[in-house]
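Colleague: Could we go through this structure together? I should like to ask a few short questions as we look.

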Amino acid sequence: YYTTPLIALTDQKLLELQMSAVRWGFSEKDVGLVTGNRRVNGDAPVLVVVAEILLNRLLNPEAFDFTDVSSVVMDEFHSFNDAERGIVWELSLGLLPAHVRTLLLSSTV
């Protein structure tokens with residue numbers, strides 16, 4: 001999972017990661033996107049999602065299995081400090097299975 005706080009940023013990251021996948025010898029279909037209103041290759045092994053999608057999936061373990069998830073990248077992690085939305089990042093970090101590695105990105109922090 002690659003999470004962002006904004007739908008516009010998910011679209012940008014989808015394109016960037018698809019181009020990188022092709023450069024590295026993978027298919028662009030190996031990268032997908034899931035937001036509240038858009039889904040592209042939703043079963044891809046690499047998913048770009050808004051942060052709330054990750055949290056919703058973690059809150060529904062009967063519908064979303066994280067056994068094969070190896071890592072989560074949280075971009076714009078300084079959003080953790082947002083009074084209204086920061087709880088999304090906090091809960092997601094707390095609910096991630098212990099085997100999932102995390103990378104927290106922020107040019108602001």
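Modeller: Certainly; this is a predicted model, and we can discuss one residue and then one strand.

Colleague: Let us begin with Met 74. Where is it found?

Modeller: Met 74 lies in strand S5, which covers residues 71-74.

Colleague: Is Met 74 buried or exposed?

Modeller: Met 74 is buried, because its relative accessible area is 1%, and the cut-off for buried is under 20%.

Colleague: Which residues is Met 74 in contact with, leaving aside its neighbours within four places in sequence?

Modeller: The contacts of Met 74 are Thr 3, Leu 54, Trp 89, Ser 92, Leu 93, Leu 103, Leu 104 and Leu 105.

Colleague: And what separates the C-alpha atoms of Met 74 and Ala 98?

Modeller: Those two C-alpha atoms are 16 Å apart, and the residues are 24 places apart along the chain.

Colleague: Now to strand S2. Which residues are on its two faces?

Modeller: Strand S2 spans residues 31-34, with Val 31 and Leu 33 on one side and Gly 32 and Val 34 on the other. All four are buried, so both faces are covered.

Colleague: Why do the side chains alternate like that?

Modeller: In a regular strand, side chains alternate between the two faces of the sheet.

Colleague: In which sense do S2 and S4 pair?

Modeller: S2 and strand S4, residues 46-50, pair in the parallel sense over 4 bridges. Leu 33 stands opposite Val 48 in S4.

Colleague: How many bridges join S2 to S3?

Modeller: There are 2 bridges between S2 and strand S3, residues 39-40, and these strands run antiparallel. Here Val 34 stands opposite Arg 39. S2 and S3 form a hairpin, with 4 residues between them.

Key:
Residues are numbered from 1 along each chain as its sequence is written. This is a predicted model: local features need pLDDT of at least 70, side-chain atom pairs count only at pLDDT 80 or more; totals for chains, interfaces and linings use all residues. Side-chain values use heavy atoms; hydrogens and water are left out. Buried means under 20% relative accessible area, exposed over 50%, partly exposed in between (1.4 Å probe, protein chains only). Contact means heavy atoms within 4.5 Å. Two strands pair if DSSP finds at least two bridges between them.
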